Amino acid sequence: MERRATRTISLRLASVRDVPGITSIYNDAVRTTTATFDLEPRSLAAGRRWFRSHGRRHPVLVAVRDGAIVGWASLSPWSDRPAYDRTAEVSVYVEAGSRGLGIGHRLLAELVREGGRRGLHTLIARVADGNAVSLRLHASLGFVPIGVMREVGTKFGRLLDVHLLQRTYPPRSSVRPRRTADPGSGRRD
Ligand SMILES: CC(C)(COP(=O)(O)OP(=O)(O)OC[C@H]1O[C@@H](n2cnc3c(N)ncnc32)[C@H](O)[C@@H]1OP(=O)(O)O)[C@@H](O)C(=O)NCCC(=O)NCCS
């Protein structure tokens with residue numbers, strides 16, 4: 001498909017006024033895909049709460065064509081445990097009629113740049129088994145597979161695996177492991 005088609009599309013940081021467009025795309029994915037393990041559509045009020053839960057380190061981006069939102073991407077905290085502060089989870093959704101045009105790639109590439117600017121160290125993606133487009137998209141932007149969670153979700157009557165991928169900045173090879181005061185303590189969650 002023609003990547004040129006994305007030239008009329010601009011990316012920008014989202015505002016709360018974009019929540020209806022973001023929620024509409026998300027809810028279509030809830031109803032028709034295994035990309036999200038939500039099973040019920042999200043209300044606008046829940047969408048606004050979700051949006052407002054994104055702080056300085058966790059941007060939400062939108063892709064806009066002719067004033068309409070055709071895709072969005074976000075960084076969300078991976079965990080509320082403070083040692084995970086510099087790790088975030090990525091989300092990326094493009095409206096069904098605009099997929100395959102390079103919009104997801106542009107959104108995720110910009111999201112990765114934003115994460116770097118905001119001091120994040122590691123990005124994590126969870127991709128349901130069978131979502132070959134998403135796996136390819138993440139791989140093309142430097143995400144590497146780190147494991148598979150087997151049979152962790154059920155949607156549309158299917159028991160699903162989830163692939164975990166991560167991208168680290170700067171490249172992992174230049175990051176030295178840090179010694180902690182208590183290397184033996186067990187829990188890491
Ligand atoms: C996954 C998603 C965000 C990708 O966005 P998109 O705009 O459709 O994807 P792009 O056009 O940018 O293409 C991304 C990559 O997938 C490839 N691709 C796109 N559509 C494809 C198709 N139908 N078959 C095979 N490969 C495809 C592209 O060639 C591109 O590869 P590259 O980065 O190596 O060049 C989008 O399809 C979507 O919203 N899907 C439903 C929600 C979802 O799955 N979100 C991800 C949750 S983990």
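**Helix H3, the core and the ligand shell**

Colleague: Which residues of helix H3 are buried?

Modeller: The model is a predicted one, and burial here means that 20 or more other C-beta atoms lie within 10 Å of a residue's own. By that criterion, the buried residues of H3 are Ile-103, Gly-104, Arg-106, Leu-107, Leu-108, Leu-111, Val-112 and Gly-115.

Colleague: How far apart are the end C-alpha atoms of H3, and why does that agree with its length?

Modeller: H3 covers residues 103–117, which makes 15 residues. The expected span is 1.5 Å times one less than the number of residues, so H3 should span 21 Å. This agrees with the model, where the end C-alpha atoms of H3 are separated by 21 Å.

Colleague: Which residue with a positive phi follows H3?

Modeller: Beyond the end of the helix, the backbone reaches a residue with a phi near 85°. The residue in question is Gly-119.

Colleague: Which elements each supply at least two residues of the largest nonpolar core?

Modeller: The core has 33 residues, and those with the most contacts inside it are Leu-61, Trp-72, Ala-73, Val-90, Leu-107, Leu-108 and Leu-111. At least two residues of this core come from each of helix H1 (19–32), strand S2 (60–65), strand S3 (68–77), strand S4 (87–94), H3 and strand S5 (122–128).

Colleague: Which residues does Leu-111 touch, leaving aside those up to four places away in sequence?

Modeller: Leu-111 is among the buried residues of H3, and it is also one of the residues with the most contacts inside the largest nonpolar core. With residues up to four places away in sequence set aside, Leu-111 touches Leu-61, Ala-73, Leu-75 and Val-90.

Colleague: What covers the buried residues of H1?

Modeller: In H1, the buried residues are Val-19, Gly-21, Ile-22, Thr-23, Ile-25 and Tyr-26. Their cover includes helix H2 (44–52), S2, S3 and S4.

Colleague: Which element gives the most residues to the shell around the ligand?

Modeller: The shell divides into 11 nonpolar, 8 polar and 2 charged residues, and of its 21 residues Ala-35, Arg-99, Gly-104, His-105 and Ser-140 come nearest to the ligand. S4, H3, S5 and helix H4 (132–140) each supply at least two of the shell residues. The element that gives the most, with 5 residues, is H4.

Colleague: What share of the contacts with a separation of 6 or more joins residues 24 or more positions apart?

Modeller: The chain comprises 4 helices and 7 strands, which run β-α-α-β-β-β-α-β-α-β-β from the N terminus on. Of the contacts with a separation of 6 or more, the share between residues 24 or more positions apart is 62%.

Terms used:
Residues are numbered from 1 along each chain as its sequence is written. This is a predicted model: local features need pLDDT of at least 70, side-chain atom pairs count only at pLDDT 80 or more; totals for chains, interfaces and linings use all residues. A residue is buried if 20 or more other C-beta atoms lie within 10 Å of its own, exposed if 12 or fewer, and partly exposed in between; C-beta atoms are placed from the backbone. A nonpolar core is a set of buried Ala, Val, Leu, Ile, Met, Phe, Trp, Tyr and Cys residues joined through C-beta atoms within 7 Å. Two residues are in contact if their C-beta atoms, placed from the backbone, lie within 7 Å. A residue is near a molecule or strand if its C-beta atom, placed from the backbone, lies within 6 Å of it. Ala, Val, Leu, Ile, Met, Phe, Trp, Tyr, Cys and Pro count as nonpolar, Asp, Glu, Lys and Arg as charged, and the others, Gly among them, as polar.
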